[in-house]
Amino acid sequence: MTGLTLCLAATIIAAAGMGYLKIPPSEVLTIIMARFTETTHTLNPIHQTVIMDVRLPRIMTAALVGGGLAMAGAIFQAILLNPLADPYTLGVSSGAAFGASLALIVNLSLPGYFSVPLFAFAGALVAVFSVLNLAASDHSYSANSLILAGVIISAILSAGIGFIKYLAEEQVSVIIFWLMGSLAARSWLDAGLVLIATIVTLLAGLYFARDLNIMSLGLRSSDSLGVNTVRTRKWLLAIASLVTAASVSVSGIIGFVGLIIPHLMRFIIGPDNRKLIPASLLAGAILLLTADTITRAILPHEVPIGVLTALIGGPFFCVIFKQKQLGGR
């Protein structure tokens, strides 16, 4: 865990110095420290503005979104007992995409940029409550019921998004670009929103980690050991959906992070959720920050981050799927 924390800190400092205006890591560190000690008068004011007002908000948002999605993926896989579950299995992303598309097409004039994130967040929450309501028919919120309800809600919302695109006319390109995911022009407000959701989810995940470990042994074992499976599932489902909704509302659709990282961390540190959840948070932050830095500072033209993670995650997902097929024989 210490190694991942140091790696994340080094990645943040390196990423802050990369871009059109290159700034040495030592100066980046000095500028960040100077903000806390209020000794900024001796530093280059242009470099300070670039680091503190332009790059760090985007960098911190990327790290928090990546960490939040990966942590949510670890929790979803644990409560659904399905290694292919991720934050999008339950229709959260489709709900956020539907809300954002709706805000874009009606061109709401809420203060500043609040309309798209607010509608995306509301759409994600409505999708989660719809899934919970649909899956409540068996009174046990079984993994199969939740996944099936998620597929149904996702299909309905995807059809709704398609209809909005049909109606969008000139604005269809804006909707498509948002759906591909982007971290451009993120602010400290965006980072703060995701930070709050991430902290709440991390604390809840650690609190229920022991119960998740017991639930992985099966329903009979968890009942005999006194774990309230239904209550744990409902709480974690709502909380993991919260961080997913917050992440998607500021970044758009970024897939595969919540699928890849929990698998990778489980392979390295084992299935103990007390270690897996925080490790997924740190590794997800490193992955998405690295991908965003590549598309922002290295590639000649900025590629939507959702496209890049799909290009990286797609082959990785195929390898996992193939290995599981071979292992099951």
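Asp211 is a buried residue, with a relative accessible area of 14%, which falls under the 20% limit for that class. In this predicted model, the side chain of Asp211 meets that of Arg210 in a salt bridge, with 3.6 Å from N to O. That pair belongs to a total of 4 salt bridges.

A second pairing is found between Arg274 and Asp272, whose side chains meet in a salt bridge at 3.0 Å, N to O. Here the acidic partner has another setting: Asp272 has a relative accessible area of 22% and is therefore partly exposed, since buried residues must lie under 20%.

A further salt bridge joins Arg58 to Asp292, and the closest N and O atoms of this pair are 2.7 Å apart. Distant parts of the chain are linked in this way, with Arg58 in helix α3 and Asp292 in helix α13, at a separation of 234 residues. Both partners, Arg58 and Asp292, are buried.

The two helices that carry this pair deserve a look of their own. Helix α3 spans residues 45–80 and helix α13 spans residues 273–298; their axes come within 7 Å and cross at roughly 140 degrees. Helices α3 and α13 are therefore oblique to each other, because an angle has to be over 145 degrees to count as roughly antiparallel. The crossing of α3 past α13 is right-handed. As for the make-up of the contact between α3 and α13, its residues divide into 14 nonpolar, 7 polar and 4 charged.

Terms used
Residues are numbered from 1 along each chain as its sequence is written. This is a predicted model: local features need pLDDT of at least 70, side-chain atom pairs count only at pLDDT 80 or more; totals for chains, interfaces and linings use all residues. Side-chain values use heavy atoms; hydrogens and water are left out. Axes are lines fitted to C-alpha atoms, for helices over the stretch in contact, and angles run from 0 to 180 degrees between N-to-C directions. Helices (H or I, at least four residues) and strands (E, at least two) are DSSP runs, numbered from the N terminus. Angles under 35 degrees count as roughly parallel, over 145 as roughly antiparallel, 65 to 115 as roughly perpendicular and the rest as oblique. A crossing is left-handed if the near helix is turned anticlockwise from the far one by less than a right angle, and right-handed if clockwise. Ala, Val, Leu, Ile, Met, Phe, Trp, Tyr, Cys and Pro count as nonpolar, Asp, Glu, Lys and Arg as charged, and the others, Gly among them, as polar. Buried means under 20% relative accessible area, exposed over 50%, partly exposed in between (1.4 Å probe, protein chains only).
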